[in-house]
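The exercises below are meant to be worked through with the sequence and the coordinates open side by side. Each one sets a task and then gives a solution in steps.

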Amino acid sequence: MSLNRSLLLAPSFEVAPSLLGSILTVNSPDGAVSLRITEVEAYHGSADPGSHAFRGKTDRNAVMFGEPGHLYTYFTYGMHTCANVVCAPEGQASGCLLRAGEIVEGIELARFRRQTSRADADLAKGPARLTVALGITLDDGGADLAESRISLELCGGNTEVATGPRTGVSGLGGTAEFPWRFWIPGDRTVSPYKAHSPKKREPSEFNPRR
DNA sequence: ACTCCGATCTTCT
DNA sequence: GAAGATCGGAGTC
C-alpha cells in the first residue's frame with residue numbers, strides 16, 4: 001500500500017489530526033521499525049512565526065515548499081535530527097513535525113539504537129528520540145514517503161485528539177495563538193509539554209553569568 | 001516529579 | 001555572533 005498523497009494536500013494544521021494513529025515504517029539493512037504516531041506539531045506558511053519558513057525559502061527549508069508526502073529533516077542543537085511530513089500544495093511551506101509515537105514493530109532494533117531509554121514508552125518520546133529509534137538521518141531529507149525506504153500508512157483519523165500550544169517554540173509562535181500541537185490524550189508515549197525557556201538568563205549583579 | 005545546565009554546530013542575522 | 005521545533009545527567013524536593 002502506498003501513500004495517497006492527495007490526503008496531504010491541506011495545510012498541516014488540518015492534516016495533523018489524521019496523522020495521529022498512522023503508521024510510519026523505516027526500512028534498513030538492520031531491519032524495519034514501525035511507529036504508531038501519537039504526537040505531532042503543525043508549522044504552516046509564511047505567517048507562522050514558529051516555522052523555519054517564516055523568513056522565506058532557504059537551502060535548509062526548501063523541501064517544505066515542495067510536493068506533499070516528502071520528508072523534511074533538519075539538524076538542531078548541535079546534535080539532533082528532527083523530521084516533518086510535508087503537507088499542502090507545492091509552493092506552500094507546510095509540515096507536521098513528528099514528535100512522538102509508539103514502536104509497534106522492530107522494537108529490539110529501536111532499543112538497540114536508543115540505549116539511554118529505560119522504558120519502551122520513552123523510545124520515541126520526543127522528536128529527536130523518534131528519529132534515532134527509527135533510524136532516520138539528515139540524508140533522508142526529501143525522501144518520498146510513497147516510494148522510498150520510509151513509508152507512511154494513513155489511518156483515517158479515528159482517534160481522539162487533544163490540542164494545545166507547541167512545545168519549546170519561542171515568541172508568539174509558542175502561544176495559544178497557534179494551538180498546533182496535536183496528541184492522543186492519555187497515551188503514555190506522548191512527550192511532556194515544555195514552554196520555551198531562553199538559554200541565557202537576564203544579566204544582573206547577582207547573576208554575573210552572561 | 002521537577003529544575004538547572006552542558007553538550008555541540010548549523011543556520012541565519 | 002547568537003539562538004535554536006532537544007536530550008540526558010545531576011541536583012533538589
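**Exercise 1. Determine which element gives the most residues to the surface near DNA strand C, and describe that surface.**

Solution. Helix H3 gives the most to the surface near DNA strand C, with three residues; the model in which this is seen is a predicted one. Next, consider the make-up of the surface, whose residues divide into eight nonpolar, 10 polar and five charged. Of the 23 residues around DNA strand C, those that come nearest are His-80, Asn-84, Arg-114, Thr-116 and Arg-129. Turning to the DNA side, 50% of the atoms of DNA strand C within 4 Å of the protein belong to sugar or phosphate, and the rest belong to bases.

**Exercise 2. Find which parts of DNA strand C lie opposite polar side-chain atoms of His-80, Asn-84 and Arg-99.**

Solution. Begin with His-80, which has a polar side-chain atom 2.7 Å from a base oxygen of DNA strand C. For Asn-84, a polar side-chain atom lies 2.7 Å from a base nitrogen of DNA strand C. With Arg-99 the partner is a phosphate oxygen of DNA strand C, and the distance is 3.4 Å. The elements that give two or more residues to the surface near this DNA strand are E4, E5 and helix H3 (127-134).

**Exercise 3. Work out how strand E4 is paired, and whether strand E4 is largely enclosed or open.**

Solution. First, take strand E3 (residues 71-76), which runs antiparallel to E4 and is joined to E4 by six bridges; within this pairing, Leu-71 has Val-85 as its bridge partner. The hairpin of E3 and E4 has three residues between the strands, and Tyr-77 takes a positive phi there, near 55°. Second, E4 pairs with strand E5 (residues 94-105) in the antiparallel sense over three bridges, where Asn-84 stands opposite Leu-97. Finally, six of the seven residues of E4 (residues 80-86) are buried, so the strand is largely enclosed by the rest of the structure.

**Exercise 4. Establish where Ala-128 is placed, and which residues distant in sequence are in contact with Ala-128.**

Solution. Ala-128 is found in helix H3, and with a relative accessibility of 17% it counts as buried, because the cut-off is under 20%. Neighbours within four places in sequence being left aside, Ala-128 is in contact with His-80, Thr-81 and Cys-82. For Cys-82, 46 residues apart from Ala-128 along the chain, the two C-alpha atoms are separated by 5.3 Å.

**Exercise 5. Characterise the surroundings of Glu-39, including the polar contact of its side chain.**

Solution. Glu-39 has its place in strand E2 (residues 31-44) and, at 0% relative accessibility, counts as buried. The side chain of Glu-39 makes a polar contact of 2.9 Å with the side chain of Arg-99; Arg-99 also has a polar side-chain atom 3.4 Å from a phosphate oxygen of DNA strand C. Beyond the sequence neighbours within four places, the contacts of Glu-39 include Leu-97, Leu-98, Arg-181, Phe-182 and Trp-183.

**Exercise 6. Decide how the buried residues of helix H1 are arranged around its axis.**

Solution. In H1 (residues 12-19), the buried residues are Ser-12, Val-15, Ala-16 and Leu-19. They cover an arc of only 120° around the axis, which puts them on the same side of H1. The general background is that an α-helix has 3.6 residues a turn, so residues three or four places apart point the same way. What covers these buried residues includes E2, E4, E5, strand E6 (150-153) and strand E8 (181-183). After H1 comes Gly-21, with a positive phi near 90°.

Notes. Residues are numbered from 1 along each chain as its sequence is written. Chains are lettered from A and ligands numbered from 1 in the order in which they are written. This is a predicted model: local features need pLDDT of at least 70, side-chain atom pairs count only at pLDDT 80 or more; totals for chains, interfaces and linings use all residues. Side-chain values use heavy atoms; hydrogens and water are left out. Helices (H or I, at least four residues) and strands (E, at least two) are DSSP runs, numbered from the N terminus. Buried means under 20% relative accessible area, exposed over 50%, partly exposed in between (1.4 Å probe, protein chains only). A polar contact is a pair of N or O atoms within 3.5 Å; within protein, one must be able to donate a hydrogen and the other to accept it, and residues adjacent in sequence count only if both atoms are side-chain atoms. Contact means heavy atoms within 4.5 Å. Two strands pair if DSSP finds at least two bridges between them. A residue is near a molecule or strand if one of its heavy atoms lies within 4 Å of it. Ala, Val, Leu, Ile, Met, Phe, Trp, Tyr, Cys and Pro count as nonpolar, Asp, Glu, Lys and Arg as charged, and the others, Gly among them, as polar. The arc is that of the directions from the helix axis to the C-beta atoms.
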